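Me: Hi! Could you walk me through this structure with me? I'd like to start at the surface and then go inside.

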Amino acid sequence: MRKTVKNNVSWVGYMDWELETFHGDEYSITNGSSQNAYLIEEEKTVLIDTVWTPHRNDFVDNLKKEIDLKKIDFIVANHAECDHSGSLTALMREIPDTPIYCTEACVKSIEGQFGKQNWNFKVVKTGDSIEIGNGKKLIFVEMKMLHWPDSMATYMTGDSILFSNDAFGQHFAVEELFADKANQCLLWKEAVKYFVNILHPFAMLVANKIKEIKNLNLPIDIIAPSHGAIWRENPMQIVEKYAEWANAYQENQITIAYDTMWEGTTKIAHKIAEEIHKQSPDTVVKVFNISKQDKNEIMTEVFKSKAIAVGSPTEVNDVLSSVSGWLSFLKGLKFKNKKAAAFGCYGWSGESVKILQERLKAAGFNVIEQNIKSLWKPTEEDFNKIPELVKALLV
């Protein structure tokens, strides 16, 4: 069922209430998601993006109920990832000669995923435009590495709509379609989680692209992303948030993340949390067991933090595998300007704290010298070292 976005622009996507994970199992989804495709019906009829491969037949069947597919003058593929391009194979069987406007990298990606189908690609770059009638046109803006090399956004003049693709979205199902109709707590929770776990590795590119978009001096009344709610009331609020988040963002918060074997490392984690509150009552403290709690939620809290403390016991001359995988994910997110401390228990060789310090440095953190390394289980002597560690994190 189509939903009106503005004037002759409609949403024709898929509301994915049952979706639980994304990017394989890399991203957790707790409030549903949507794959947003848009239909423009001016003198030219334009389809912007499609939906994920599992829903391709439903997508095409639903689109047929709304419009004669042969009336589609061209398709805009803002991004080739299969949650946006996954219905092209089914759609192009119906209208095989329809032009597809996209970047050069997008052509390579689509053909790499779906094979060379001899589709009618029209390669565009930033500043290229196409008339769609009634005095309106589409202007294309490359969004390289936000978050794939092929990504772009499309701006519609007249109605002043920015179809932003993966930028400014959320994995959040909103039947009412618009951000102003959504639960605001959930909206912003999902927006920051999405930014942190998907776009933060490219934070500097985000900052530069926002400047470029602003320099185009295009009025923006609506930002229509490819996932989640559409921004129509003060749409630039999400742009301003991205600018803030992309600039080594932090709050007065410290996050403690750890895993444990026989609860010794847990006791250290809890004592560190208590000491942070004692020394700085206004500092927000978050504590997570890496193996039991959602890694995307943990990373969102790490993003907000000015410092973190990471703990693991030593297991076979290394850290626990759960912590090792988590540290790999942490490194990939490329956080900046944050302190870190390491702690853990050991019974035999005791390498975990040193390994944690090395890997936290490799992830871009400013690692403090103070640490807690406890033999077998933490003692009062170990706990007495915690105030100095916390003081160094807070400075």
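**Surface and core**

Reply: Happy to! Leu375 is found in strand S21, residues 366-375 (strands, E, at least two residues, and helices, H or I, at least four, are DSSP runs numbered from the N terminus). This is a predicted model, where local features need pLDDT of at least 70, side-chain atom pairs count only at pLDDT 80 or more, and totals for chains, interfaces and linings use all residues. Residues are numbered from 1 along each chain as its sequence is written, and side-chain values use heavy atoms, leaving out hydrogens and water.

Me: Is Leu375 buried or exposed?

Reply: Leu375 counts as partly exposed, at 42% relative accessibility. Buried means under 20% relative accessible area, exposed over 50%, and partly exposed in between (1.4 Å probe, protein chains only).

Me: OK, going inside. Which residues touch the most other members of the largest nonpolar core?

Reply: Tyr242, Trp326, Leu330 and Phe365, out of 67 residues in that core. Helix H5 (residues 184-199) gives the most to this core, with 8 residues. A nonpolar core is a set of buried Ala, Val, Leu, Ile, Met, Phe, Trp, Tyr and Cys residues joined through side-chain atoms within 4.5 Å.

Me: Any other core to look at?

Reply: There is a second, separate core of 27 residues, including Val12 and Phe114.

Me: Switching topic: how many disulfides are there?

Reply: A search of the whole structure finds 0, a disulfide being a pair of cysteine sulfur atoms within 2.5 Å.

Me: And is Cys185 buried or exposed?

Reply: Cys185 is exposed, at 65% relative accessible area, whereas Cys345 is buried, at 5%.
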